[in-house]
Amino acid sequence: MRLDPVQLRRQARTRLRTTLLELSRSENPTVAKGYRQARQAARAVGARVTGRQLGWVAHLRTAVWTGPTTFEIGGWAYERGFGHTDAPPRTQVWLQRGERRIDAVVTMRSDADVNAAAPAGSEHDYANTAFTATFDLSRLLTEGDDGQPWRAHVRVVGAGRDRTGTFLSRYRFGSVRHLFASTVESASGPVQLVARWSGNQQGLSLRRQRPAVLARSVEVDGHAVSVLVSTDGRALVGASVRTGEDRTALTCTAEGHDEAGRPRFRLSGLVPDAIPLATDRESALSVERELLAHTADGEDVVVATDLDDTAPATTPGSTLLATASPEGRLVLVDAPGRVLVDELTVVQRPPGLALRGRYVLGGRVGADDTPTLVLAGARQVLPVQAELVPGPDGTGTWTATAPLLASVWGRQPLPPRLGGYVLRARTAAGVILPVSAVPTITRRTPELHHLEGFRIRLQSGGGRSVRVSVASPRRDDEVGSFHQRRLERLYRRRTWSPRNAIYLESFYGRGATCNPFAIDREIAARYPQLTRFWGVADPSIPVPLGAIAVVRGTREWWHARATSRYVVANDWLRRTFWPQPFQVVLQTWHGSMFKRIGLDRSGQPKSKIDTIRLEQSKWDVLLSQNHHSSLILASAYDWHRTLFEEGYPRNDPLTPGSPYAGDGAAIRERLGIRPDQTAVLYAPTWRENQTSMVTFLDLQRLSADLGDDHVILLRGHSRTVKFGESVEEVPGVIDVTTYPEVTDLFLAADAMITDYSSVMFDYSVTRRPMIFFVPDMDDYRDSLRGVYFDLSEVAPGPVLATQEEVTTAVRELAQAPERYADLYDAWVERFNHLDDGRSAERVVRRLLAIRK
């Protein structure tokens, strides 16, 4: 098989990255030192050649005005490869324009987020490079050169280095995203100090500008706007509202002069209402409009505002929001309605958020159609319990609590899944309303809170949206690759004593499922004296009753893996695990093989082959579902040691009469499947050439074609869970990707559609119909992965390539058992001859009989 140039380049880059990573992690001091010196030299040469700040890290985390001319920023700066072990570096921060500069007062501090954001493989603790810098900018009120930028610079001195640069990155969901212009009255008139962020290594800058037209007050009544402005002396003859390329004229009326003798004018009129009613998040929820003042000499001047850091102006009954743009311009934000968050407090026990705010609905939405709030994440939606107090003209106030312990799929309440959540509002009619926080909230962000079992960070996104990021409960000295490498070295160098315990892990801690779950169930029932630890990626993952969850990367996780007498995993344990002399390691794997694995895959680089052999050297026992798998494991992992060919424990519940036989009716009820509906499970596998969930089927069309007497259960592969979002609001489709145990779904489904997934070898225990939808079979077999046998010759169901064929096959499920009886018998004899409902019993008995 010939690889195309793109694949060859990709493989070359992968080999280079792998080689560099191995060198950076070398235990040989000479190799590690040589690598660091070569890397530093390469960066120095690259910086001279490209002009870029290679190896320089300067991150802007926060930026707020703490006074009219006092600007405070926070962040960190360091040069990669040079740590400050004895004391924090001497850090200077200043603004510079030409030869002039304004120095900040810098306070050094420690921040674990520096290590969390550091590149993988960092060999230093950079937490002490964080700082807060405060600028006194009062001198800019009298200095000239309006509009010329002052650029922020950072200098770090320490570790034998002296390095200067600009800010290269900023935090996406915090105060830095909402840089305000501070408007100050000076002796010569109003002055605006405007902070800006620029890419291309320019970073943070600040400039002074004198607004020609400044809004002094804004009144909004419905879509009628009245703005009182003062000018720098010029006369105004008109005004307009600009929306993109469109303009709407406003009246302009002279209103004398202000206290300083500057001319005043009243700009008033109706702002057009042209906002669509959005019912999906992809549509624009609001429109921003600028005000233009027209001078007597024919110039159009953008109206500025001093609404710097106060609550946005809005009037009951109006959906218009008057606020400031980052450049200090007056902006009218229009929407069919909106929800404003005035207060936000984090509650420790029970963990949650307390919120208070206002809402307003436009006439087209309906004054009685009150909004519902949720915290929406990619794979989980947290309910918000809101109490609304309606007022006149579609307005109202609300108070709410958002519990941060959630019950998912009827399980015990647990912390939310890791990741980001955004506060969203929707009316009963389905109209999405923008949700915005007042600036007093956005200027606090990002704000970290340690709760019991997890951490959250308050954030603010585009449109002042309210966001919450959920993170692992790691301690400060467990965060980041530096501390993880430090803990790994301690783990590998220490002599550990065994505990009468078993450590279980499934899919790298993404769930407590599969064969390890079934083994845990058997141990809990028959060997309760054995302590059971489950390695999980985060606290949102439910573990079996009586088991102890240890979160990946914590000291408890490292300790459990080092001291448990038995270790059971269904996937690679990777380089962070090294078996102790007393440990018995059972690798259960996670499916019989249709697609090629391990050493059987062609075209693999030597580094990958070496990694495979290193991984298998850590195992003591391999579990096989059937003789077909045993033969493949021997070749794919060069395995010639202990093999348990005992069937798969995870399939025990699928066999009637098994001690663990499951109740399909109860599971269907939990999922909301009616007794009269035919449930079809769609469970495609993942693809190496894409990260998102594979859904070659148009599920909305399939559901519509099948009708209300069918329901589709969508099960994405575990490797795709963190990518994309759950499928919501598609009639007749239930996204069960995050449902903990796939075996339950087998019991609930009347039929299954799959492609190359190993679920084909498990679902067949039920003897229920299967459909194989493989539109990319040729590419998958010949280029992407390779397979062990021709599916079209032995499949116990139709092998199809089009959606229309799938629809027909589902409609003809009643004929499938008779049509494919012989093929199904042969399939079960070949792959399920050991799946008799007592596999877990045999595996556990044999495992615990092994002692080292």
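**View 1. The exposed face of helix α10 in this predicted model.** Start with Ala665 and Glu669: both are exposed, and they sit on the face of α10 that is turned away from its buried side. On that buried side, helix α10 (residues 664–671) has Gly664, Ile667, Arg668 and Leu671. These residues cover an arc of only 100° around the axis, so they end up on the same side of α10. An α-helix has 3.6 residues a turn, so residues three or four places apart point the same way. What do the buried residues of α10 pack against? Their partners are three strands, β42 (678–683), β43 (710–714) and β44 (733–735), plus the helix α12 (742–748).

**View 2. The two ends of α10.** Now look at where the helix begins. At the start of α10, aspartate 663 has a side-chain oxygen that comes to within 3.2 Å of the backbone nitrogen of alanine 665. At the other end, glycine 672 follows α10, and its phi is positive, near 85°.

**View 3. Threonine 743, a residue of helix α12.** Is threonine 743 buried or exposed? With a relative accessibility of 3%, threonine 743 counts as buried. Its side chain reaches the backbone oxygen of arginine 650 at 3.1 Å. There's also a polar contact of 3.2 Å between the side chains of threonine 743 and glutamate 741. If you skip residues up to four places away in sequence, threonine 743 touches Arg650, Pro653 and Leu654.

**View 4. An open sheet of 6 strands with parallel pairing.** Read across the sheet and the order goes β44-β43-β42-β45-β46-β47. β44 and β47 (799–800) are the edge strands; each has a single partner strand, so one side of each is left without a neighbour in the sheet. The pairing of β43 with β44 is parallel and runs over 3 bridges. Follow one of these rungs from leucine 714 and you arrive at its bridge partner in β44, aspartate 735. Helix α16 (residues 803–811) packs on this sheet, where it touches β42, β43, β45 (751–754), β46 (770–773) and β47. The direction of α16 makes about 180° with that of β46.

**View 5. Valine 774, in the loop between β46 and α14 (777–784).** Valine 774 is a loop residue, yet it counts as buried, at 5% relative accessibility. Which residues is valine 774 in contact with, once neighbours within four places in sequence are left aside? They are Asp755, Tyr756, Val799 and Leu800. Leucine 800 is 26 residues away from valine 774 along the chain, but their C-alpha atoms are separated by 6.0 Å.

**View 6. An open sheet of 7 strands with parallel pairing.** Here the order is β37-β36-β35-β38-β39-β40-β41. The edges belong to β37 (548–551) and β41 (642–645), each with a single partner strand, so one side of each has no neighbour in the sheet. From one strand to the next, the twist averages 25°. Towards one edge, β40 (residues 621–624) pairs with β41 in the parallel sense over 4 bridges. Within that pairing, valine 621 has threonine 642 of β41 as its bridge partner.

**View 7. Two helices lying across the sheet of 7 strands.** Helix α6 (residues 514–526) lies across β35 (499–505), β36 (531–536), β38 (564–569), β39 (584–587) and β40. It runs at about 160° to β36. Helix α7 (residues 555–563) lies across β35, β36, β37 and β38, and runs at about 115° to β35.

**View 8. Helix α6 meets helix α19 (residues 839–848).** Two packed helices are described by the angle between their axes and the distance between the axes. How do the axes of α6 and α19 cross? They come within 9 Å and cross at roughly 75°. That makes α6 roughly perpendicular to α19. From α6 come Ala518, Ile519, Glu522, Ile523 and Arg526; they meet Ala840, Glu841, Val843 and Val844 in α19.

**View 9. The whole chain.** Zoom out and you'll find 19 helices and 47 strands in the chain. The chain has 852 residues, and 55% of them count as buried. Among the contacts in the chain with a separation of 6 or more, 67% are between residues 24 or more positions apart.

Key:
Residues numbered from 1 in each chain as written. Predicted model: local features only at pLDDT ≥ 70, side-chain atom pairs only at ≥ 80, totals over all residues. Heavy atoms only, no water. Pairing = 2+ DSSP bridges. Axes fitted to C-alpha atoms, helices over the stretch in contact; angles between N-to-C directions. Contact = heavy atoms within 4.5 Å. Buried < 20%, exposed > 50% of the residue type's maximum accessible area, 1.4 Å probe, protein only. Arc of directions from axis to C-beta. Polar contact = N/O pair within 3.5 Å; in protein donor to acceptor, adjacent residues only side chain to side chain. Parallel < 35°, antiparallel > 145°, perpendicular 65-115°, else oblique.
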